[in-house]
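Let's walk through this structure together, one question at a time. Have the coordinates open as you read.

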Amino acid sequence: MVKRVGLFVVLAWMAAGIGCGSSSHPNHLAYVTLTSVNQIVGFNVDNVSGALTQISTSPFKTGPSPVSIVLHPSNKFVYVANAAENDISVFTVGTGGALSEALPRVKTGISPVALAIDSNGSFLFAANSVSNTISAYGINGTSGALQEVAGSPFAAPNPLALAVAPSGKFLYAADANDSALLGFSINAGALTPMPGFPVGAGPNPSSVAIDPSGHFLYTTNIAGTTFVGFAIAAAGSVTYVPGTIFGAGTNPSAATLDPSGKFLYVANLGSNNVSAYTINSANGVPAAVKGSPFAAGTGPSFVVADTTGKFLFVGNQSAKTISGFSIDPSSGVLTGIKQAPVSVLTAATSMAIAK
């Protein structure tokens, strides 16, 4: 079970200028999945303080066991993987952030546990952990509808987490059973395994994080206390960064980079904190930020920086809360925002970030 926590790693913010903020600094939106009650909760995020306020029309109903959520780059559509129903819910985003689901839902392989979308919003990918495949779909830019790509689903042993390179040319997946990183080239949505993969990614890799430049990739090792760093070549192949394996807290479950690519943050499920690092832009080597690790709630399972780069949010599964931090833009140091951790009905399992 511990391995599976890393499946619920993904956050979503929408820079929409709507909600209850003033015109001088409008709010943006966040969507959060609550797996055990089959719901999405929407929040307004204050652009100045980072405080979260639930939007009036939420929660929204999903399929059974919504475990991963992504937002289309246009901010018009939301996609949710329903692990217990083996399908994807497609939502349109309406006034005030209200979500409306388009039925029927789109079928996947068995137990879709992670979603990823390319930066152009052309293709959506779903990791099917039980059927050992990745499903690929073309996205209709007008309606948000999904059409499965020819040849999908594609073979991939035990994929638990996904990330698309910023170029949109490569997809990487964490294979926890084999402690490996998988790599695929993307051609019109179709996936082809790249030469040189799989590569070792440390014990039980649970998440994949790529920096905004597409130069570096990091996998967290939820079964231990480490994460692994890779450099990405122009052709999509990877090599280990100097040092290769780096220390984190106990059971690191998820990682994210801020929008500048200067800072890496790792959620440590077992030690209830967040490790923070500066990233050497030349070689990708992380160095601990002063004061790291920073205390979070009990059982942090996901961590995401919002698109402004001002705030970091952490989902605490055991505490059933979301913690918020401000990010010092020069040092990467985290400071808790004035708002206390936000309580949710049950454990929050994922959130989605708008580009």
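A residue counts as buried if its relative accessible area is under 20%, and as exposed if that area is over 50%. Keep in mind that this is a predicted model.

Q: Is Thr256 buried or exposed?
A: Thr256 is found in strand β24, residues 252-257. Its relative accessibility is 12%, and the cut-off for burial is under 20%. Thr256 therefore counts as buried.

Q: Which residues does Thr256 touch, not counting residues up to four places away in sequence?
A: With sequence neighbours up to four places away set aside, the list for Thr256 includes Ala209, Phe263, Leu264 and Tyr265. The other names to add for Thr256 are Val303, Val304, Ala305 and Leu312.

Q: In β21, what is the bridge partner of Ala209?
A: Strand β20 and strand β21 (residues 216-221) pair in the antiparallel sense over five bridges. Within this pairing, the partner of Ala209 in β21 is Tyr218.

Q: Which are the edge strands of the open sheet that holds β20, β21, β22 and β23?
A: This open sheet has four strands in the order β20-β21-β22-β23, with antiparallel pairing. An edge strand pairs on one side only, and here the edge strands are β20 and β23.

Q: By how many degrees are neighbouring strands of this sheet turned against each other on average?
A: The sheet in question runs β20-β21-β22-β23. With direction ignored, the average turn between its neighbouring strands is 20 degrees.

Q: What kind of aromatic pair do Phe230 and Tyr240 form?
A: A pair of aromatic rings is described by the distance of the centres and the angle of the planes. For Phe230 and Tyr240 the centres are 5.1 Å apart and the planes are at 35 degrees. Planes under 30 degrees apart count as stacked and those over 60 as edge-to-face. The pair of Phe230 and Tyr240 is therefore tilted.

Q: How many residues apart in sequence are the parts that the pair of Phe230 and Tyr240 ties together?
A: Phe230 lies in strand β22 (residues 226-232), while Tyr240 lies in strand β23 (residues 238-247). The pair therefore ties together parts whose separation in sequence is ten residues.

Q: Is Tyr240 buried, partly exposed or exposed?
A: Its ring partner Phe230 counts as buried, at 1% relative accessibility. Tyr240 has a relative accessible area of 40%, which lies between the 20% and 50% cut-offs. Tyr240 is therefore partly exposed.

Q: Which elements give two or more residues to the largest nonpolar core?
A: The largest nonpolar core has 18 residues, and Phe230 is one of those with the most contacts inside it, along with Tyr172, Leu181, Phe197, Val208, Leu217 and Val238. The elements that contribute two or more residues are β15 (159-164), β16 (170-175), β20 (205-210) and β22.

Q: How many residues of strand β2 are buried?
A: Strand β2 covers residues 28-34. His28, Ala30, Val32 and Leu34 point one way from β2, Leu29, Tyr31 and Thr33 point the other way, and all are buried. Strand β2 is therefore largely enclosed by the rest of the structure, and its buried residues number seven of the seven.

Q: Which residue in β3 does Tyr31 stand opposite?
A: Strand β2 pairs with strand β3 (residues 39-45) in the antiparallel sense over seven bridges. In their hairpin, which has four residues between the strands, Asn38 takes a positive phi near 55 degrees. Across from Tyr31 in β3 stands Gly42.

Q: In β34, what is the bridge partner of Thr33?
A: Strand β2 also pairs with strand β34 (residues 348-351), in the antiparallel sense and over three bridges. Within β34, the partner of Thr33 is Ser350.

Q: Which residue's backbone oxygen does the side chain of Thr349 reach?
A: Thr349 is found in strand β34. At 4% relative accessibility, Thr349 counts as buried. Its side chain reaches, at 3.5 Å, the backbone oxygen of Pro66.

Methods: Residues are numbered from 1 along each chain as its sequence is written. This is a predicted model: local features need pLDDT of at least 70, side-chain atom pairs count only at pLDDT 80 or more; totals for chains, interfaces and linings use all residues. Side-chain values use heavy atoms; hydrogens and water are left out. Rings of Phe, Tyr and Trp (its six-membered ring) pair if their centres lie within 6.5 Å; planes under 30 degrees apart count as stacked, over 60 as edge-to-face and the rest as tilted. Buried means under 20% relative accessible area, exposed over 50%, partly exposed in between (1.4 Å probe, protein chains only). A nonpolar core is a set of buried Ala, Val, Leu, Ile, Met, Phe, Trp, Tyr and Cys residues joined through side-chain atoms within 4.5 Å. Two strands pair if DSSP finds at least two bridges between them. A polar contact is a pair of N or O atoms within 3.5 Å; within protein, one must be able to donate a hydrogen and the other to accept it, and residues adjacent in sequence count only if both atoms are side-chain atoms. Contact means heavy atoms within 4.5 Å. Axes are lines fitted to C-alpha atoms, for helices over the stretch in contact, and angles run from 0 to 180 degrees between N-to-C directions.
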